[in-house]
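Here is a short tour of a protein fold, written for someone who likes to keep the coordinates open alongside. Please have a look at the model first, and then read on.

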Amino acid sequence: MNMIDCTEIGDESAKAMEEVLRRQPGIEDIRLGFGGTSITNDGVGKLLLAIAELRRVKQFSFQLKGCTSLTEERCLQLADVVACMPSLEFLSLGLDKCQLVGDRTLDRISKAIAGKSSLGMLHLLLTETQVTDEGFVELVKEIAELPLSALTLDVSRTAVSDVGTWRLCEALVDKPLSTFLLNLTSCRQVTDGTVASLIDLLRINKTITTTLFWLISTEVTPGEKKRIRSIQREREFKKFFVF
């Protein structure tokens, strides 16, 4: 259920959902969006307690874009809930513009996804958070061990740099990945080195057929953007966009 930007949605609605979930112990697909609503930090916490009791979840999407009341402890709780889902196949966490999210949260998310042998699709939205290369690299270490077929990472307007993107591309070289979306908009420490890493990845890993890369307002030069776009002449893609 997507309630993003529904300002009248608050803790009462969250409580109603909590009660519904408690009556559905076998539920396998949970998709909730609360960005732009009036839900409080406590409301999110109580809902997460209900979700934590569910052990058969295979698809989990929890979007909290711009929830200003969200504390770091609540974000850590969210990661702990993910850790309690042994059969997870799809995970999407939207913590974009949650200002208190940083490397500590990312480290907990990394631990939560570690060893999930069924996790094939991962979407993490972390734009305008306090995430740095250090936390990003730790996440990449766990991504390297997952059987991913689709990966979306939005770390725009964070401190992720060429070091983080290089480690990411190294981790994906031998993955059976078909879809790879990476948003680095306004990452001021991203330069032509990132483009070199992406080009190497696309030349080696031929399973990647759908790619979208956002390099807007980075230190990547026009010449390097042109060079990565030229990869389309070397092999076929279903979708290939560089912004």
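## Overall fold

The protein chain has eight helices and eight strands. Its radius of gyration is 18 Å, close to the 18 Å that the globule rule gives for 243 residues, so the chain is as compact as a globular protein of that length. Please keep in mind that this is a predicted model.

Along the principal axes, the C-alpha atoms fill a box of roughly 55 × 30 × 30 Å. Of the 243 residues, 54% are buried. Sequence-distant contacts are well represented too: among contacts between residues at least 6 apart in sequence, 85% join residues at least 24 apart.

## The nonpolar core

In soluble globular proteins, nonpolar side chains tend to be buried together. Here, the largest nonpolar core has 74 residues. Which of its members touch the most others? They are Ile51, Phe60, Phe62, Leu64, Leu151 and Phe180.

Leu151 makes a handy place to start exploring. Leaving aside residues up to four places away in sequence, Leu151 touches Leu122, Ile143, Leu168, Leu172, Leu177, Thr179, Phe180 and Leu181.

## Helices H4 and H5

Helix H4 spans residues 103-113, and its buried residues are Asp103, Thr105, Leu106, Ile109, Ser110, Ala112 and Ile113. These pack against helix H3 (72-83), strand S3 (90-94), S4 and H5. After H4 comes Gly115, with a positive phi near 75°.

Helix H5 (residues 133-143) has its own buried set: Asp133, Gly135, Phe136, Val137, Leu139, Val140 and Ile143. Their cover includes H4, strand S4 (121-125), strand S5 (150-154) and H6. Ile143 also links this helix to the core story, as one of the residues that Leu151 touches.

An α-helix has 3.6 residues a turn, so residues three or four places apart point the same way. With that in mind, the spacing of Phe136, Val140 and Ile143, all buried in H5, is worth tracing on screen.

## How H6 meets H7

Helix H6 (residues 162-172) and helix H7 (residues 192-204) pack at an angle of about 5°, and their axes are 9 Å apart. Angles under 35 degrees count as roughly parallel, and H6 and H7 are therefore roughly parallel to each other.

Which residues form this contact? From H6 come Asp162, Thr165, Trp166, Cys169 and Leu172, and from H7 come Gly193, Thr194, Ser197, Leu198 and Leu201. By class, the contact has five nonpolar, four polar and one charged residues. Leu172 of H6 is also among the residues touched by Leu151.

Note on methods. Residues are numbered from 1 along each chain as its sequence is written. This is a predicted model: local features need pLDDT of at least 70, side-chain atom pairs count only at pLDDT 80 or more; totals for chains, interfaces and linings use all residues. Side-chain values use heavy atoms; hydrogens and water are left out. Axes are lines fitted to C-alpha atoms, for helices over the stretch in contact, and angles run from 0 to 180 degrees between N-to-C directions. Helices (H or I, at least four residues) and strands (E, at least two) are DSSP runs, numbered from the N terminus. Angles under 35 degrees count as roughly parallel, over 145 as roughly antiparallel, 65 to 115 as roughly perpendicular and the rest as oblique. Contact means heavy atoms within 4.5 Å. Ala, Val, Leu, Ile, Met, Phe, Trp, Tyr, Cys and Pro count as nonpolar, Asp, Glu, Lys and Arg as charged, and the others, Gly among them, as polar. A nonpolar core is a set of buried Ala, Val, Leu, Ile, Met, Phe, Trp, Tyr and Cys residues joined through side-chain atoms within 4.5 Å. Buried means under 20% relative accessible area, exposed over 50%, partly exposed in between (1.4 Å probe, protein chains only). The radius of gyration is taken over C-alpha atoms; the globule rule is 2.2 Å times the number of residues to the power 0.38.
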